[in-house]
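User: I would like a close look at one helix and its surroundings. Please take me through it step by step.

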Amino acid sequence: MTERAKYGAAAVAGLTGTLPNPFPRTMGPNAMKYLQEVVASGLSCDMLGRFEKAFAEALGVKHCIATPGCTPALAALSAAFDFAPGDEIIVSPITDYGSIQGLIRENYIPVFADAALGTVNLSAETIKACISDRTRAILAVHKTGLICDMDPINALAEEYGLIVYEDACQAVFSEYKGRFAGTLGTAAGFSFDSEKTLGSDVGGCVVTNDDDLAEMIRFVGQSRGAVMEAHFGRKHVVPGYAYRMTQSTAAITLAQLEIIREQVAHRDKMARLLMQMMAEIPGVTPIPIPDYQGVYSCWMFGVSIDPTQFDCAPEDFAREMAEAGIPGAGLGEYYLMPAACTFLEENARSGVYPYSTPPASYEYFYSADSCPNARDFLKTWIRWSTFCEKYQPEHCELAAAIVSQVADKHRL
Ligand SMILES: Cc1ncc(COP(=O)(O)O)c(C=O)c1O
């Protein structure tokens, strides 16, 4: 039988190594107290409201709508957008399925812009090449915690009348020119999944400054599209969802929020140290932090290796890194969404709705070759998502020593 994908703690359960692993997670000191409040109140306290208010205030936005994850957060947001089936949303090519699940369910069409050369994120230039008369929005994913260059993206969107929104799952409290990831467009999704930087239980949220959009997200994404009618009761006027965060997840997430800024500052420091050490190894290159980025809330660490300098395939290089003690080191080719979502190409070829005409008005193709920069980048990029707030300088030294040893062993 085919093995099912694993998430959260289960995904790293079997990993061994000399470097830290995020599990068991560092828990905010008030987690038990807040959980106890939920139980002691007989589930009647407003822990959810407290978390939403605290997260909105921490980011400096008007609304936070807490959900059971980022996948449902972006699904609720997609449902709240007033687009038509067959409308296109331009999305980062290197991301998680959670970025696109919701827009696919709304019968919008994902169009993957290529990554900018030598990095994981898209850019205004790669987006521009994908704009058509059906484009309605741009979804910028800040992969690993590195922020997309949002000013040119927003300028382009303004020129074409497009909405910009963000997937900030991997970039909680990363900073772009003094502003936080998730506050740089119309709305943003966050994940508080247990392995994420703000690791709670299975949770997430949407944030926005737009009152009408916030109301629509709550209505269609949480109230199941129902209104109260006098003398009748609930009437479902649109097909909505019930994506609400639980009170107990809100309790844990609130406690985690109280320790996150310190953890993010530490991650930033350790990631920069690790980058500096890795950059000294010939043939090994970390992704540069762009000049416009302030704090780097690094969720996942990775390096590119130059295959012309080594006598082994990048996959073998990564395996030896993992065997030498970096838990979970490996290639991440599965992040390439046009290749990973095989059903997209199947549906496009067979003209399944919304790839039928109408509502689609073009022929779409999805494969690794749709985004050659992203494809080539991922072939030689070795990453580990076990990088976490537990890293200390000695762990950075150890990781660099491991990479250096593997590199020296295979150097041509
Ligand atoms: C960039 C990105 N988007 C979306 C998701 C989905 O988030 P969740 O697991 O909270 O649904 C993830 C999770 O890995 C992610 O990394």
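Analyst: Start with a term. A residue counts as buried if 20 or more other C-beta atoms lie within 10 Å of its own C-beta atom. Keep in mind that this is a predicted model.

Now take helix 3, residues 47-59. This helix has 13 residues. From its first C-alpha to its last, helix 3 reaches 18 Å, close to the 18 Å expected at 1.5 Å a residue.

Which residues of helix 3 are buried? They are Met47, Leu48, Phe51, Glu52, Phe55 and Leu59. These residues lie on the same side of helix 3, because they cover an arc of only 135° around the axis. A general rule helps here. An α-helix has 3.6 residues a turn, so residues three or four places apart point the same way.

What covers the buried residues of helix 3? The cover includes helix 2 (31-40), strand 1, strand 7 (179-180), strand 9 and helix 9. Just after helix 3 comes glycine 60, with a positive phi of about 80°.

Follow two of the covering strands outward. Strands 1 and 9 belong to an open sheet of 7 strands, in the order 1-9-8-5-4-2-3. The pairing in this sheet is mixed. Strand 1 (63-67) is an edge strand, and so is strand 3 (109-112): each pairs on one side only. From one strand to the next, the twist averages 25°. Helix 8 (residues 211-221) lies across strand 1, strand 8 (187-191) and strand 9 (204-208). Helix 8 runs at about 15° to strand 1.

Last, the largest nonpolar core has 126 residues. Helix 9 (residues 247-279) gives the most to this core, with 13 residues.

Terms used. Residues numbered from 1 in each chain as written. Predicted model: local features only at pLDDT ≥ 70, side-chain atom pairs only at ≥ 80, totals over all residues. Core = buried A, V, L, I, M, F, W, Y, C linked by C-beta atoms within 7 Å. Buried ≥ 20, exposed ≤ 12 C-beta atoms within 10 Å, placed from the backbone. Helix = DSSP H or I, 4+ residues; strand = E, 2+ residues; numbered from the N terminus. Pairing = 2+ DSSP bridges. Axes fitted to C-alpha atoms, helices over the stretch in contact; angles between N-to-C directions. Contact = placed C-beta atoms within 7 Å. Expected span 1.5 Å × (residues − 1). Arc of directions from axis to C-beta.
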